[in-house]
Structures are given as C-alpha cells and as structure tokens.
Amino acid sequence: MPDARRFQPIEQLLESRNDLWRGRHRPAGDALTSGRAELDHWLPTGGWPCGRLVELLPERLGIGEFSLLLPMLAEQTRRGVPVLLVSPPWVPCPQHLERVGVALEWLVVVRSADQALWATEQGLKSGLCGAILLWHPRSRVRSQAIRRLQLAAECGPAPAFVYYKPGQQPPPSLASLRLGIRPGPELTLLRGNDQSKVLHLGRGNVIPLSTSDMAPTHSRDQPERSDRIACKGQTLWESVQ
Amino acid sequence: MRGNRLWAGVHCPALALDAIEQVVADDGPAAVHEQLLGQARIVQANHPALEQGVRPGQRLAAALAILPCLHSHARNQRAERQLLEQVALVGYDFSHQVALAPPDGIVLEVAGSRRLRGGISALLETLTEQLHHRGIAVRLGLAPVPAAARLLSRLGRRAPTLAELHRQLAGLSIDRLALEPKLADLLSGCGVKTVAELMKLPTAERARRFGPSLNRHLEQIHGCLETPLAHWMPAQRFSLRLELPTASDEVSALVFVFRRILGRLGDWLRIRDQALTGLNVSLEREDGGSPLSFRVSLARPGFDGERLLELIGLKLEQIHLPAAVDAIAVKADSTDQHRPPQADLFSAHNRADAWPALLDRLGARLGEDGLAGLATRSDHRPERSWSWVSPGDSSACQEQRPRPTWLLPEPRPCKPEQIRLEEGPERIETGWWDGQDCRRDYWIARDRQQRRLWVFREYKPRTGWFVHGIFD
C-alpha cells in the first residue's frame, strides 16, 4: 500500500521546504538583502521586504537615496531579474551602474513622467520585476494612488520603492516601511515601533560600496559635523508622523 | 487510386452576409443587397430579418418598408473572396489538397486525414464547428469526386462511395445541378426533370443539343472524368485589408474588426508555422486623407491574440483619429525562426515570454522614447559616453575613472563660489575630429547642502563652471 504522502504534488512539496532556493521564486514574507549587513540588521524586516511598498523620503535628492538600493539592484540584475526605474529625476549614469555591478540589460527606465504611476502598477502586477523604483512624479500625492501601488506590490515577489521628492507631501501611509533619509546619509524609521532608531550609513553623503569597506565606528559615532548643522531645523518629515 | 480518395465540399450559403457580419458588431436584423438591373435587391438576410418577412430577391425599398430598422449593407465581393480564403485556410488544417470553388465554396480531400481526426464524421463535425466558431455558416457534402462533393455540399448530402453517389445523383432534380439558367430552361423545356432522365439520353444527342460542357459536367460529377483543380496554398505573407461597411471613429468598433483580423492572422501563423514579429497597421480615412499608420512590434516572436489586441487598443487610444476610418489594412512580419513557448517546470507560469510581453505593453502606451535601457559608449566626452537604447539592448564598456550616480541631461551653469572643490581635476580634451572639440577639467565638489557634485570648468568652446552630475 503506497503512502499517500508520497504522491503530493511537486509544487506542494517544494513549498513546504523553506531551505530550498528555487531561482526566481521566493516564498512570501521574505526580504531581499540590502547588500549591507548593518542595514539588514537595522531594518525591521531584515532587508527590503518582498511584496511590500517601501516609502523613501530623502530630505533632498542626491544624498545617497539611490545608492542605498544599488547593491540590491546589482544583485537582482546579476541574477537576470529585471528592475524598473520609473521617472528618475536625472539620468542614471551607466558607467557608475556598471561599476557597482548592475547588469544594464536588465535595467529598464520609464522616462515618461505622466504615465509613471500606470507603468509602476503594470510592472508590479506582472510579478516579473526584481524591484521597482518610482520617483513620484506628481506634486500632489494622492493616497489612493499609493494604496493602488501597495496592492499591486502584493502581487509580486519584489519590493517596490517610492521616492517622495522634497516638497511633496506624502499621504498618511499604509506602507509597511517608511524611511527618512538625511544627508550623511542617515536613515530614520518614520513608521515602526522604534522611531528613534537612526542608522548612519556613511559620512559626507558617501556610502562605501561594500560592507567590508565600511568602518562602522566612523559612521556610527562621528557623523560629519557639517551634516549635523545642515540638518538642524529640518523638520519637514517630522510633521508627517 | 480514385477509390481511396474522398472529398469534402464546403458550401457557405450565407457568405455575403457572413463577410459583412465579420466587421459589424450588431445583432439586429441585417441584410446584404446588390444592384441588379438598376434596382437594389436583397441578396441575403439574417434570421431576425427573415423572421420579419425580408426575403432574398426582394427589392431593398420593399424590405425597408416591411422592416424599417433593417440594416442593409452593400454586397462586398472582395470581402467574400477574402472570407472564402479563410475557409480554405481552416480547411488546409484538415487536408493538404484544398481547392477553391468560387464564389461560395471549397473542396478538400479528407481521406488522407481520416485516421488523424478520428473518422470522417468526427472530421466533418470538427470542421463545421471551427468554421462556425469563426462566424461562417457552412453546409458540408461528401463524395468520392470533387465535382460531386461541391454539388452535394449545396444540398448537405453525403455519399461516401461511388455507388451511393450514383444512386443519390439519379434522384436529383435538374434544378439542383446549379446549371446556367439558360441551359436549365432548355432542359425543362424538353421535359427532363431529373438527372436520371438526363443520363438516359444518348451522349452524342446531349452534346449536340445542350453543348459539350453539360456532358463534361455530368461525367465529372459521376466520377468518369477527372475534375481539374487548382490547388490552393496559404499566402507566403499575411496581409489583409478589411473594409468597414460604415466608417467609424469609435475605438470599440475598430477593436472589433481587429479581433477578426487577429483571428485570421492566428490561423495563418499556426498553419504556416510562423511566429509574429511585428504588425504594420494602416487605418484608411473616410475623407480620403493620408492613412494613419502605426506599428506594433513584439519583443519576442510569438502570437498571443488577446495580448496583441490589448497592445492595439493602447495604440488606438493614443492616436487621435482625425476622421472616421473606413478600412483597416494589416501586414504581418513573421519569422519561422521561433521557439514554441515553454512553461516553467514547477509553476507552469510562462515566465520567459512574460517579460517581453510586459515590455510590449509598457512600450505601446509610453511610446518609443518613454521606455528605455541604458548603454555606455566609448567616447571621452561624458555627455556622449552614454545613450538611451531599447530595453535589453544595453552594452557596456569599462570606465575606471570616477563617474557620478546621476547625470544631468544637460550640464547646468553654476557659480564657483557656491561649491567647494574636493577631488580633481580630470582633464578631458577631445572631440577635435568631429568639430565638437572641448577642453574641460572635471572636479568632484560639494555644494552648500553637502551634496557631492560632478562639476567641470570648461575652457572650450564655452568658458565657465558647470554641474554635470551628482554623486548620490
């Protein structure tokens, strides 16, 4: 008499093992490593959460908010998983991307700003992209739009990131993770249990390329003085909470 | 040899109507009329119209008096011919020997694929079903010779053997033979009413009184004489132009026609074992203006009707139709170098084709420039060392010197007192060979917000300080 359990569908068998790595497929609730042990440790989700919307609120553009995600983008594209950059503020420099290990053939840029939200939603719903980064194009951010993106993000196995530019008023959010980014860069959790937690990722707006290059003692204890001064009185994001 | 052959005749009793209904999305009473002796007369009418008393042969004015809501369209023989080709294409899936029998029928040899299709009855049933599915009403006939198959298809009769055929033919009345009206009158004038009576007349007598063509026809339907057939082959390249009986600028009406076109394209691709690479569409304007053209390209050869229809819908929404469209012409680019879609072993989700499909969908709405990949180019001038390319076409060449995370689309002038230089300079002096020579010193600098900028001081052709990028 053959054991019935031996004839489970293969899909079920594979699902039941969480120690099995199945290429492109990732079980839900998983997180992608950010490429930096310190950051992974700091993030409440242990990395960039898959199937979730992450909101990033840089105090101004160009202070490390894109470099923050580059190791993850590099890892995804190296595995042949496409990533989508939607309406970035400037042109991502291909030489730099290449240098940090991004495989350019899997990087697609949506340049048109007026279709940005639609394109993001399509990308998320397809479940094919390894990550989608959206620089919110509208000056007024509607909470329904963000809600739609969040629902769409749940279809896919990838994390989705929305950047709000300085001056954009982010809606009261339902996203699982909202990070404030200040020059340094230093990261603040704007949602979550421990909002006082601050991570100094680099200094002088320079993030070391890999973890091994990082000197945590520097970044943690001696943030550059000039940054501190620059940050004083910047209460833009505090009002959001 | 002939004994092994079996021919199916396909007769399309409502071809004129079907050809119109292919491009008109309407369930109401409809008919087709044509000009006969200076009068518009109904040729065919659909069921709702027939129920209300519209009859073929009726004058159009009379039909409209009976049924004012009748939509009657002028007969389009070109569309009928195209539809007949479609019938032949479907038939080609069942047989390698297909011949057109214009104006409204085809014949095909079916004995060869009898076993493949599970017997003659099953074969004929599938064929009928497939044609019905494409909106073509048919009647099938079966006979060991093609001329008889064509004849029996008009009557919907089957005669699988020669003996059975002769028996059925003998009982046929003369008017069923679809002879020329003049000849038919002549025969009935002689008192000949059935085929059996006609066959009793001596052959020489028949030839003398009714001409040689009648004898030839009789011999062909009885299988005594080979019927000459021009074998039909599907076209080498798919090209179709459908005329809309009423011009329309509504996207939904055009999408309806596109659905039909794609249906035929799908059949053609399958039968010719081709994969679609692109579709050139031309919308012809009612006002005679130059046609609107667009192209739908596929990132990967293949065919998925629903997906393609979605892409076309996106394109149609984008273009503003300046006038109503009265014809749609489609030319397909296809290739036989293709790999059938493969499903993922574990999840059965076809991933390899889904990514190009997503790019197609995004590209259709965003336009050629809206969606891009990035490529590096070997040029010393930083603004020429990269370019937008179509997604997936990226190339990369190594660059050892520091390059910023972001490039500004155009260098922006800045004041030197607003920045603090930190690293540099990197001298770039190049471009004299193409008249775009420049001399610059690049620096990494900080602005007042402590952002690291990529700035340069230019000496040639302009002078001054410019921001070119941002080290994120």
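## A walk through a predicted two-chain model

A contact between two side chains makes a handy way in: R403(B) and E426(B) are joined by a polar contact of 3.2 Å. Keep in mind from the start that this is a predicted model. R403(B) sits in a loop of chain B, on the stretch that links β13 (386-389) to β14 (406-414). Although this is a loop residue, R403(B) counts as buried because its relative accessibility is 6%, and the cut-off for buried is under 20%. What does R403(B) touch, leaving aside residues up to four places away in sequence? In its own chain the list is E426(B), I428(B), W454(B) and F471(B), and from the other chain come C93(A), Q95(A) and H96(A). So if you pull up R403(B), you'll want both chains on screen, because its contacts include residues of A as well as B and its relative accessibility of 6% makes it buried.

Before going further, a word on how far to trust what you see. For the complex, the predictor reports an ipTM of 0.74 and a pTM of 0.62. Chain B has a mean pLDDT of 87, with 95% of its residues at 70 or more. Within chain B, strand β1 (residues 7-11) has the highest confidence, at 95, while helix α14 (residues 351-366) has the lowest, at a mean of 80. There is also a stretch of chain B, residues 343-349, where the pLDDT is below 50; the model still gives that stretch ten contacts beyond near neighbours in sequence. Chain A averages 75, and 70% of its residues score at least 70. In chain A, pLDDT stays under 50 over residues 24-28, a stretch with nine contacts beyond four places in sequence. Residues 210-241 of chain A are also below 50, and here the model shows 55 contacts beyond near neighbours in sequence. Where pLDDT is low, the predicted coordinates shouldn't be read in detail.

Now for chain B as a whole. Its 472 residues are 48% buried, and the chain has 14 helices and 18 strands. Of the contacts in chain B with a separation of 6 or more, 57% link residues 24 or more positions apart.

One of the sheets to look at is an open one, with three strands of chain B in the order β3-β2-β4 and mixed pairing. Its edges are β3 (39-45) and β4 (71-74), each of which pairs on one side only. On average, neighbouring strands of this sheet are turned by 40° against each other, ignoring direction. Strand β2 (residues 30-36) of chain B runs parallel to β4(B), and four bridges join the two. To find a bridge partner by eye, start at H33(B): its partner in β4(B) is A74(B).

Next come some helices of chain B. Helix α11 (residues 212-222) has as its buried residues L214(B), N215(B), L218(B), Q220(B), I221(B) and H222(B). What do these buried residues pack against? Their partners are α6 (146-155), α7 (162-170), α8 (181-189), α9 (195-200) and α10 (203-210) of chain B. Take α10(B) from that list: its axis is 6 Å from that of α11(B), and the two helices pack at an angle of about 130°. That angle makes α10(B) oblique to α11(B). The residues that meet here are T203(B), R206(B), A207(B) and F210(B) on the α10(B) side, with P212(B), L214(B), N215(B) and L218(B) on the α11(B) side. Just after α11(B), G223(B) takes a positive phi of about 80°.

Finally, over to chain A and its helix α5 (residues 116-126). This helix is mostly covered, with nine of its eleven residues buried. Those buried residues are A116(A), L117(A), W118(A), A119(A), T120(A), E121(A), Q122(A), G123(A) and L124(A). Just past the helix, G127(A) has a positive phi of about 70°.

Is A119(A), in this helix, buried or exposed? A119(A) is buried, because its relative accessibility is 0%. Not counting residues up to four places away in sequence, A119(A) touches L84(A) and V110(A) in its own chain, plus L362(B) and L366(B) from chain B. Sequence and space tell two stories for A119(A) and L84(A): they are 35 residues apart along the chain, with 9.3 Å between their C-alpha atoms.

Conventions:
Residues numbered from 1 in each chain as written. Chains lettered and ligands numbered in written order. Heavy atoms only, no water. Buried < 20%, exposed > 50% of the residue type's maximum accessible area, 1.4 Å probe, protein only. Polar contact = N/O pair within 3.5 Å; in protein donor to acceptor, adjacent residues only side chain to side chain. Contact = heavy atoms within 4.5 Å. Pairing = 2+ DSSP bridges. Axes fitted to C-alpha atoms, helices over the stretch in contact; angles between N-to-C directions. pLDDT = per-residue confidence, 0-100. Parallel < 35°, antiparallel > 145°, perpendicular 65-115°, else oblique.
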